[in-house]
Amino acid sequence: MQNETDFLIIMPEDDEQQVNERQLMILNQAIEGYQVEIWRKAEEFTPVRNRRILFVLNLGSDGINVEYQRLLRVMRHSPESLKGCVGSILVDADSELYTKAEARELVFAANLCGCMFPGKPLVEGTASLDNFLIQARNLETDRMGAYKKLARNLIEQLIAFELPLHERPKVLAIHASNRATSNTLTLWGKVKQHIEQDCDVQELSLQNGSVVDCNGCPYQTCRHFGETYNCFYGGVIVEAVYPAILECDALIVLCPNYNDAVSANISAFINRLTALFSRTRFYNKAVFCIVVSGYSGGDIVAKQIMGALNMNKTFLLPANFSLLATANDPFSINKIADIDQRAEDFAQNMLRHLRKEPDA
Ligand SMILES: Cc1cc2nc3c(=O)[nH]c(=O)nc-3n(C[C@H](O)[C@H](O)[C@H](O)COP(=O)(O)O)c2cc1C
């Protein structure tokens, strides 16, 4: 049965926590005029299809919301429970810590349940609201004014979101691995063979030493270079990566796990996107990733990509955006029993999020 409300609010309510009046005020003005359904307890969580969902998290002063932990447990046991849904997230804490980390955890868990997220799907309020200082200046208001405005914009973005589909999607794969030995590139090869018939696939290699990390130029300098699709350091990032990013419909980042993080060149690539980002937004481009770890921690690396490129840099996050595998010795990825099937399933998921179905 079609639900009559505009969207669903999932707002875990911990009875041991103080009511967060500030968050309720922000929420109420953000949803004014909309019809909403609200779930407050983890036990209310049931599979839904094609809904718009606003997750609202109150983290108090210690970052702990027991009802949210219960919700996470239910979600982690329900892999397809949010198929076709689109999510956004509003987080508030009486602390300077926890908001980003918990938001990332929740987006990752919901994404594994099949939920998509538009670019920049989070509005967070730390205790001081100092996280709004830059936006308040840009919007010519104070911190609370920025909080209210951005929370309202978040709802409008959630309602308006449409997944862009393409006749022949352009997919850009970025890596910094050695083709002769890399498990990650081998896994990408297994995915690529299932998409290249329907997509234009471009691969860019950022091998050791070719990418200098971001210089952290003053904003005006960064913006000045960005105006002409340039950056202080120039090089492969400006000559090859920026044009390819502007051209693509989807970016797939290929990440071996290095100390539970992306490797230095991938990290530098993300940081160097800042100059391009100063004049361009990426809301119409999807981000995917493949992570291979020697033993564990692939979820941490996927969350790093998701946090940087979806939550900060505005790429849209398709459902199940990451393919994670464990393999250490060169090419041992080939020994994982179901790896070919997992690669094919991931490729089909990419196509579902990118390709316009030909008219029947
Ligand atoms: C510098 C370095 C750091 C690594 N750190 C981790 C780690 O923290 N966790 C892990 O599970 N594997 C770690 N590994 C192992 C790689 O993730 C593993 O070899 C994987 O197969 C990498 O894929 P590749 O063959 O594409 O390089 C590390 C490897 C290197 C070279």
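Start by selecting residues 52–58 and 86–92: these are strands S3 and S4, which run parallel and are joined by seven bridges. Strands here are DSSP runs of E of at least two residues, helices are runs of H or I of at least four, and both are numbered from the N terminus. Two strands count as paired if DSSP finds at least two bridges between them. For a single example, pick Arg52, whose bridge partner in S4 is Val86.

A word on what you have open: this is a predicted model, in which local features need pLDDT of at least 70 and side-chain atom pairs count only at pLDDT 80 or more, while totals for chains, interfaces and linings use all residues. Residues are numbered from 1 along each chain as its sequence is written.

**Widen to the sheet**

Now show the five strands of this open sheet, in the order S2-S1-S3-S4-S5, with parallel pairing. Which strands stand at the edges? They are S2 (36–39) and S5 (122–125); each has a single partner strand, so one side of each is left without a neighbour in the sheet. From one strand to the next, the twist averages 20 degrees.

Next, add helix H3, residues 99–112, which lies across S3, S4 and S5 and runs at about 160 degrees to S4. Axes are lines fitted to C-alpha atoms, for helices over the stretch in contact, and angles run from 0 to 180 degrees between N-to-C directions.

**Cross to the other domain**

Colour domain 1 (7–160) and domain 2 (170–354) separately; these bounds come from an automatic or database domain assignment. Their centres, taken over C-alpha atoms, are separated by 27 Å. Where they touch, 14 residues of domain 1 are in contact with 17 residues of domain 2 (contact means C-beta atoms, placed from the backbone, within 7 Å). Keep H3 selected: with five residues, H3 gives the most to domain 1's side of this interface. That side has nine nonpolar, three polar and two charged residues (nonpolar: Ala, Val, Leu, Ile, Met, Phe, Trp, Tyr, Cys and Pro; charged: Asp, Glu, Lys and Arg; polar: the others, Gly among them).

**Visit the ligand**

Select the ligand and the 18 residues that surround it, using a cut-off of 6 Å from the C-beta atom, placed from the backbone. The closest are Ser182, Thr184, Pro256, Ser293 and Gly294. Helix H6 (183–195) and strand S9 (286–293) each supply at least two residues of this shell. By class, the shell has five nonpolar, 12 polar and one charged residue.

**Zoom out**

Finally, show the whole protein chain, with its 11 helices and 10 strands.

Conventions. Two residues are in contact if their C-beta atoms, placed from the backbone, lie within 7 Å.
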